[in-house]
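Here is a friendly walk through one protein model, starting from a single residue and working outwards. Have the viewer open as you read.

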Amino acid sequence: MGHKVHPNAFRLGVFRPWEANWFANPKDYTKMLHEDLEMRRVILARLRNAGIAKIETERSSNAQLTVTIHTAKPGIVIGKGGSSVDQLREDLEKRFGNRVRISIQEIKQPELDAQLVAENIASQIERRISYKRAMKQAILRTMRSGAKGVRIYCGGRLRGAEMARREWDREGRVPLHTLRANIDFGRATANTTFGAIGVKCWIYKDVAAPLRKQPVVTDAATPIAEIAPQPELAAVLAEQPQVEAQVVTAEPEVATPTVAPRRTRATTTTTAKPAAKPKAEPKAKAAAPKAKAAPKAKAAEKKAPAKKPTTTTKKKT
């Protein structure tokens, strides 16, 4: 209980990229890390009212730092004729001693950005607007923009109460445990006369489909040939119940011999009939010798006519 995980950090590497993209040696890592943190503080403090949602940094091999600012009000960041952007770049180069390149990207739907929604609610609370009204209006605008779920949390001395408390409101669904869920998270602080009030916002946009790489699809062709014989296995499994049915029908036949000893006469009669068949076989065998004797008789008959002419010749004499 109580082990809260940052939704953005929980989804790093799944479908959400890192905000700082650079590589450094172990000796220079701490220096570059603190430079990034200090640079973010300077930009956010200088462009507090510009609606900055995210700052991305990227370092190249030639010691050039690229800063990408995602803002809902690019006109405030750029200034008249790009004067404010040039002044910001010069200040960063003097402070960190690196060549800095600044690119600005506009956020077309600020209602779907959790950081901007949280900052908007915090600014309303600072202007003494009821936190409940600010939360409900923010939820209504976000759901109208196409979000599938919103959750907003406020904690502190709400309405100037002496005892701090926490209140939250939600609409739709916010599946925090689903890694494929595209959930944006942001938080802000409202500095009021009676203390600080924290604001947190979760916005569930949609389920992000996992990326499919082409090499994986080509490699998957070989297992498909191995999986092809599975229908034959299914046919074998389908035949197994039939075999069991045959065994079940054979059980009554096995049960009859247990009753057979009571019917001894019936068994003797059945055994006598097969005994008669062997007797018939010797007859057949005896018939075979007779068939053999028949040629002998025919041979004797052939000899007999030979004797008859001899008798006739005697009578003539």
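## From one threonine outwards

Thr-142 sits in helix α6, which spans residues 131-144. Please keep in mind that this is a predicted model. Is Thr-142 buried or exposed? Its relative accessibility is 1%, and because buried means under 20%, Thr-142 counts as buried.

Who are its neighbours? Setting aside residues up to four places away in sequence, Thr-142 touches Glu-111, Leu-112, Val-117, Ala-147, Val-150 and Ile-203. Pro-110 lies 32 residues from Thr-142 in sequence, while their C-alpha atoms are 9.0 Å apart in space.

**The helix around it.** α6 is made of 14 residues, and the distance from its first C-alpha to its last is 20 Å, close to the 20 Å expected at 1.5 Å a residue. Thr-142 has buried company in this helix: Tyr-131, Ala-134, Met-135, Ala-138 and Ile-139 are buried as well. These buried residues are on the same side of α6, because the arc they cover around the axis is only 130°. Among the elements covering them are α5, β5, β6 (165-172) and β8. On the face turned away from the buried side, α6 carries the exposed residues Arg-133, Lys-136 and Arg-144. After the helix comes Gly-146, with a positive phi near 115°.

**The cores.** In soluble globular proteins, nonpolar side chains tend to be buried together. Here the largest nonpolar core has 23 residues, and Ile-121, Ile-125 and Ile-152 are the ones that touch the most other members. Two or more residues come from each of α5 (114-126), α6, β5 (149-156), β7 (181-192) and β8 (195-207). Of these, α5 gives the most, with six residues.

Ile-125 is a good place to look around. Apart from neighbours within four places in sequence, Ile-125 is in contact with Tyr-131, Cys-154, Ala-190, Thr-192, Ile-197 and Val-199. Tyr-131 is also one of the buried residues of α6. A second, separate core has 17 residues, including Ile-52, Val-67, Ile-69 and Ile-102.

**Strand pairing around β2.** Strand β2 pairs with two strands, as the table shows.

| Strand pair | Direction | Bridges | One bridge pair |
|---|---|---|---|
| β1 (residues 20-21) and β2 (residues 52-59) | parallel | two bridges | Asn-21 and Glu-58 |
| β2 and β3 (residues 64-71) | antiparallel | seven bridges | Ile-52 and Thr-71 |

Between β1 and β2 the chain passes through helix α2 (residues 26-46), and this β-α-β crossover is left-handed. The hairpin of β2 and β3 has four residues between the strands, and Ala-63 there takes a positive phi near 60°. Ile-52, listed in the table as a bridge partner of Thr-71, is also a member of the second core.

**The whole chain.** Stepping back, the protein has ten helices and eight strands. What share of its 317 residues counts as buried? The value is 26%. Among contacts between residues at least 6 apart in sequence, 60% join residues at least 24 apart. Thr-142 and Pro-110, where this tour began, are 32 residues apart along the chain.

Notes
Residues are numbered from 1 along each chain as its sequence is written. This is a predicted model: local features need pLDDT of at least 70, side-chain atom pairs count only at pLDDT 80 or more; totals for chains, interfaces and linings use all residues. Side-chain values use heavy atoms; hydrogens and water are left out. Buried means under 20% relative accessible area, exposed over 50%, partly exposed in between (1.4 Å probe, protein chains only). Contact means heavy atoms within 4.5 Å. A nonpolar core is a set of buried Ala, Val, Leu, Ile, Met, Phe, Trp, Tyr and Cys residues joined through side-chain atoms within 4.5 Å. Two strands pair if DSSP finds at least two bridges between them. A crossover is right-handed if, with the strands pointing away from the viewer, the path from the first strand over the helix to the second runs clockwise. The expected span of a helix is 1.5 Å times one less than its number of residues. The arc is that of the directions from the helix axis to the C-beta atoms.
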